[in-house]
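Colleague: I should like to take a close look at one part of this predicted model, namely its aromatic side chains and their surroundings. Please treat the matter in one connected account.

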Amino acid sequence: KLDTPNTFLTTDSIYGDFIFEIDFKVDSTMNSGIQIRSNSLPYYRDGMVHGYQVEIDPSKRAWSGGIYDEKRRKWLNPLKDNPEAQKASKQNEWNHYRVEAIAD
């Protein structure tokens, strides 16, 4: 949607426990992420997408792999105290995520 701060590719399906694997390469000027356990409900902030995001962060702070709670609690695990994890994502290369969503 034009003139919005975020854009989301979504599904109408509801998922239980899952493992999601993806290889990705991201533009160095764009912050991105993978929403999991997220919703867009008419009664929550007029349908605003909210829920967990596995961060894809090409900026110098390097928080790729961190967990952000979109439009709710914000950063749950920003990686600021995990330099080894901060070095794992490789700019301008293919990266691999394995995301496991088990129970709550």
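Which residues do ring pairs link into a cluster?

Modeller: The cluster consists of Trp63, Tyr68 and Trp75, joined by ring pairs. Rings of Phe, Tyr and Trp (its six-membered ring) pair if their centres lie within 6.5 Å; planes under 30 degrees apart are stacked, over 60 edge-to-face, and the rest tilted. As the model is predicted, local features need pLDDT of at least 70 and side-chain atom pairs pLDDT 80 or more, whereas totals for chains, interfaces and linings use all residues. Residues are numbered from 1 along each chain as its sequence is written, and side-chain values use heavy atoms, without hydrogens or water.

The mean pLDDT (the predictor's confidence in each residue, from 0 to 100) of the chain is 88, and 96% of the residues reach at least 70. Strand β1 (residues 18-24) has the highest confidence, at 95, and strand β2 (residues 32-39) the lowest, at a mean of 90. Strands are DSSP runs (E, at least two residues), numbered from the N terminus.

In total, the structure holds four aromatic pairs. Tyr15 and Phe18 form an edge-to-face pair, because their ring centres are 6.5 Å apart and their planes stand at 70°. Tyr15 is exposed, because its relative accessibility is 53% (over 50% is exposed, under 20% buried, and partly exposed in between; 1.4 Å probe, protein chains only). Phe24 and Tyr97 are likewise an edge-to-face pair, with 4.6 Å between centres and 70° between planes. Phe24 belongs to strand β1 and Tyr97 to strand β6 (residues 95-101), so this pair ties together parts 73 residues apart in sequence. Phe24 is buried, at a relative accessible area of 8%, and Tyr97 is buried too, at 11%.

Tyr97 also leads to Ser64, which touches it along with Glu55, Ile56, Asp57, Leu79, Ala85 and Ser89, leaving aside residues up to four places away in sequence; contact means heavy atoms within 4.5 Å. Ser64 sits in the loop between β3 (50-56) and β4 (67-70) and is buried, with a relative accessible area of 9%. A polar atom of the Ser64 side chain lies 2.7 Å from the backbone nitrogen of Asp57.

The strands flanking this loop, β3 and β4, pair in the antiparallel sense over four bridges; pairing requires at least two bridges found by DSSP. Within this pairing, Tyr52 has Asp69 of β4 as its bridge partner. The wider arrangement is an open, antiparallel sheet of four strands in the order β2-β3-β4-β5. Its edge strands, β2 and β5 (74-77), each pair on one side only.

Definitions and conventions:
A polar contact is a pair of N or O atoms within 3.5 Å; within protein, one must be able to donate a hydrogen and the other to accept it, and residues adjacent in sequence count only if both atoms are side-chain atoms.
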